[in-house]
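The following exercises concern a single protein chain. Each task is followed by a solution that proceeds step by step.

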Amino acid sequence: MRKDLGGFASGLVDDVELCVSELFANAVEYTASGGEGGEVVRRLSLPEAGLLRVEVADGGFTDTRPVVAELSGDDWFTSERHRGLLMVSAIAKGWGFYPVYAHPTLNLGLVVWADLPVDPAQVPPGLPRFVHTA
């Protein structure tokens, strides 16, 4: 991540790294990506001035969908899990997901994305529009 984001402000790089690590961990934990031969693909893009998008595609084959956990009472203080998407939603301007390939009955993978604001003047010159990493 840090290499791909070379030249960006260190605070933004920290935020992107945290978001991607949470999305990656969820892909491995809750989908076929965590199994033998599983794969996670990451993509960075600048879809518009002032917006850096991170996307993590998982291997699918699960009935679950990403959601911010509903914790209550002491669970917020004692739970050691289920806070990742809460952190992503706090850091990102927005987040969501879409299917890798729409299928009527199978989840063949989801792309979970998060948009982070970036000062257009701070975008390094010559940066490619998309960066893919498996």
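**Exercise 1.** Which residue lies over the face of W113, and at what distance from the ring centre?

*Solution.* The model under study is a predicted one. In this model, the residue over the face of W113 is R53, at 4.2 Å from the ring centre. For a charge to count as sitting over a ring, CZ of Arg must be within 6 Å of the ring centre and within 35 degrees of the ring normal. As for aromatic pairs, the count is zero.

**Exercise 2.** Describe the secondary structure of the protein chain and the order of its elements.

*Solution.* Begin with the inventory: the protein chain has three helices and five strands. Next, place these elements in sequence order, which gives α-β-β-α-α-β-β-β. Then consider the contacts with a separation of 6 or more: 63% of them join residues 24 or more positions apart.

**Exercise 3.** Characterise the burial and the exposed surface of the protein chain.

*Solution.* The protein chain has 134 residues, and 34% of them count as buried. The area that the protein chain exposes is about 8000 Å². Carbon and sulfur atoms supply 55% of this area.

**Exercise 4.** Which residues of helix α3 are buried, and why do they lie on the same side of α3?

*Solution.* Helix α3 covers residues 84-91, and its buried residues are G84, L85 and V88. They are on the same side of α3 because the arc they cover around the axis is only 90°. The final step is to identify their partners: the buried residues of α3 pack against helix α1 (10-30) and against the strands β3 (94-99) and β4 (110-117).

**Exercise 5.** Is F61 buried or exposed, and what is its phi value near?

*Solution.* First locate the residue: F61 belongs to the loop between β2 (51-57) and α2 (75-78). Its relative accessible area is 56%. The cut-off for exposed is over 50%, so F61 is exposed. Its phi is near 60°, a positive value in a residue other than glycine.

**Exercise 6.** Is T31 buried or exposed, and which residues does it touch?

*Solution.* T31 is placed in the loop between α1 and β1 (41-48). Buried means under 20% relative accessible area; T31, with 13%, is therefore buried. Leaving aside residues up to four places away in sequence, T31 touches N26, D58, G59, G60 and T62.

Conventions. Residues numbered from 1 in each chain as written. Predicted model: local features only at pLDDT ≥ 70, side-chain atom pairs only at ≥ 80, totals over all residues. Heavy atoms only, no water. Helix = DSSP H or I, 4+ residues; strand = E, 2+ residues; numbered from the N terminus. Buried < 20%, exposed > 50% of the residue type's maximum accessible area, 1.4 Å probe, protein only. Contact = heavy atoms within 4.5 Å. Areas by Shrake-Rupley, 256 points an atom, 1.4 Å probe, with all protein chains shown as cover. Phe/Tyr/Trp six-rings, centres within 6.5 Å; stacked < 30°, edge-to-face > 60°. Arc of directions from axis to C-beta.
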